[in-house]
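Biologist: I would like to learn how to read a protein model. Could we go through it feature by feature?

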Amino acid sequence: MRFVIVGYGRVGSRTATILAEEGHEVVIVDNDVDRIDRASNDGLETVRGDGSDEDVLVDAGIETADAIGAFTPDLNANFAACMVGTHHGCRTVLRIDEDYREDIYEKYAEEVDEIIYPERLGAAGAKTALLGGDFNVVADLAANLQLTVLEIQAGSPAVGKRMSELELPETARIYAHGRAREPLTIPLPGTELEVGDEVAVITETDRSDAVRSALLPANA
């Protein structure tokens, strides 16, 4: 697969490294000379420029990319990059900071495929370590696994089905579930899914499309 990564800071560089190690094509877009040089030295294809500029993203190959990840600290620039990605038929992943209000989150969440919170992920790892767990185990597994939270929408084939009735790939597992605007908890086999529910799923990366087909509407 081919990915465009906007921003080669801590989040962008680590994401790009993992994707490249798995054999994917990765193009880095950044307007900082030092970061572009670092990405080039890391063996990655680069385009120097503003990641919110469509012309720059076209130079980076957005027209043939499978997805774009906008990981700069600038939310507006990230959102603009994702909108260009949407225009060109890409999957879009937006970085947002933890301190944004819920109404701002909802505004952006409706327009992109996924939102990530680097601070929240870091805090989860710190909590696990403080409680005596080994977060490195999760980090090592993450190269082959995909963890995601999906909302059950109207038209989803999962609506009205119990957890035990879902037709997921054999290697996929739902490890948490929550009603709309409620915290996620450990799911029960007899829980019936409703519109607005959220489910946290772990699956092998190459089976993620099958998981989405089982849980999301056909046009999602």
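Modeller: We will take the overall make-up, then burial, contacts, salt bridges and surface charge.

Biologist: What kind of model is this, and how many helices and strands does the protein have?

Modeller: This is a predicted model. The protein has eight helices and nine strands.

Biologist: How much of the protein is buried?

Modeller: Of the 220 residues in the protein, 40% are buried. A residue counts as buried under 20% relative accessible area and as exposed over 50%, with partly exposed in between. For the protein as a whole, the accessible surface comes to about 12500 Å². Carbon and sulfur atoms account for 49% of that surface.

Biologist: Please show me the burial classes on single residues. Is leucine 188 buried or exposed?

Modeller: Leucine 188 has a relative accessible area of 56%, so it is exposed. Its place is the loop between β8 and β9. Leucine 166 sits in another loop, the one between β7 (145–151) and β8. Because its relative accessibility is 12%, leucine 166 counts as buried.

Biologist: What does leucine 166 contact beyond its neighbours in sequence?

Modeller: Contact here means heavy atoms within 4.5 Å. Leaving aside neighbours within four places in sequence, leucine 166 is in contact with Ala158, Lys161, Ile174, Leu193 and Leu215.

Biologist: How far apart in space are leucine 166 and proline 189?

Modeller: From C-alpha to C-alpha they are 9.8 Å apart, with their positions 23 residues apart in sequence. You can read leucine 188 and alanine 176 in the same manner: 12 residues apart in sequence, and 9.2 Å apart in space, C-alpha to C-alpha.

Biologist: What share of the contacts in the protein joins residues 24 or more positions apart?

Modeller: Among contacts with a separation of 6 or more, such residues account for 54%.

Biologist: Now a residue in a strand, please. Where is threonine 92, and what does it contact?

Modeller: Threonine 92 is in strand β5 (residues 91–95). Its relative accessible area is 1%, so it is buried. Not counting neighbours within four places in sequence, threonine 92 has contacts that include Ile68, Cys82, Val112 and Glu114.

Biologist: Which residues does glutamate 114 touch in turn?

Modeller: Residues up to four places away are again left out; among those it touches are Arg91, Thr92, Val93, Val149 and Arg212. Glutamate 114 belongs to strand β6 (residues 114–116). With a relative accessible area of 16%, glutamate 114 is buried. Its C-alpha atom is separated by 8.9 Å from that of valine 149, which is 35 residues away along the chain.

Biologist: Why can charged side chains pair?

Modeller: Side chains of opposite charge can pair when their charged atoms come close. In this structure there are eight salt bridges.

Biologist: Which residues are linked in a network of salt bridges?

Modeller: The network links Arg2, Glu25 and Glu45. Glutamate 25 forms a salt bridge with arginine 2, and their closest N and O atoms are 2.8 Å apart. The pair links distant parts of the chain, with glutamate 25 in strand β2 (residues 25–30) and arginine 2 in strand β1 (residues 2–6), 23 residues apart. Arginine 2 also forms a salt bridge with glutamate 45, where the closest N and O atoms are 3.7 Å apart. Here strand β1 holds arginine 2 and strand β3 holds glutamate 45, 43 residues apart.

Biologist: Are these three residues buried or exposed?

Modeller: Arginine 2 counts as buried, at 15% relative accessibility. Glutamate 25 is partly exposed at 47%, and glutamate 45 is partly exposed at 41%.

Biologist: What does arginine 179 pair with?

Modeller: Arginine 179 forms a salt bridge with aspartate 197, the closest N and O atoms being 2.5 Å apart. Both lie in the loop between β8 (173–178) and β9 (198–204), so the pair ties together parts 18 residues apart in sequence. Arginine 179 is partly exposed, at 25%, while aspartate 197 counts as buried, at 1%.

Biologist: Which residues form the negative surface patch?

Modeller: The patch is formed by Asp50, Asp53, Glu54, Asp55, Asp59, Glu63 and Asp74. Take aspartate 50 as a case: it lies in the loop between β3 (45–48) and α3 (54–59). Aspartate 50 counts as partly exposed because its relative accessibility is 38%.

Technical notes: Residues numbered from 1 in each chain as written. Predicted model: local features only at pLDDT ≥ 70, side-chain atom pairs only at ≥ 80, totals over all residues. Heavy atoms only, no water. Patch = residues over 30% accessible without salt bridge, like charges linked within 9 Å, V, L, I, M, F, W, Y side chains within 5 Å. Areas by Shrake-Rupley, 256 points an atom, 1.4 Å probe, with all protein chains shown as cover. Salt bridge = Lys/Arg side-chain N within 4 Å of Asp/Glu carboxyl O. Lys, Arg positive; Asp, Glu negative; His and termini not counted. Charge placed at Lys NZ, Arg CZ, Asp CG, Glu CD. Helix = DSSP H or I, 4+ residues; strand = E, 2+ residues; numbered from the N terminus. Buried < 20%, exposed > 50% of the residue type's maximum accessible area, 1.4 Å probe, protein only.
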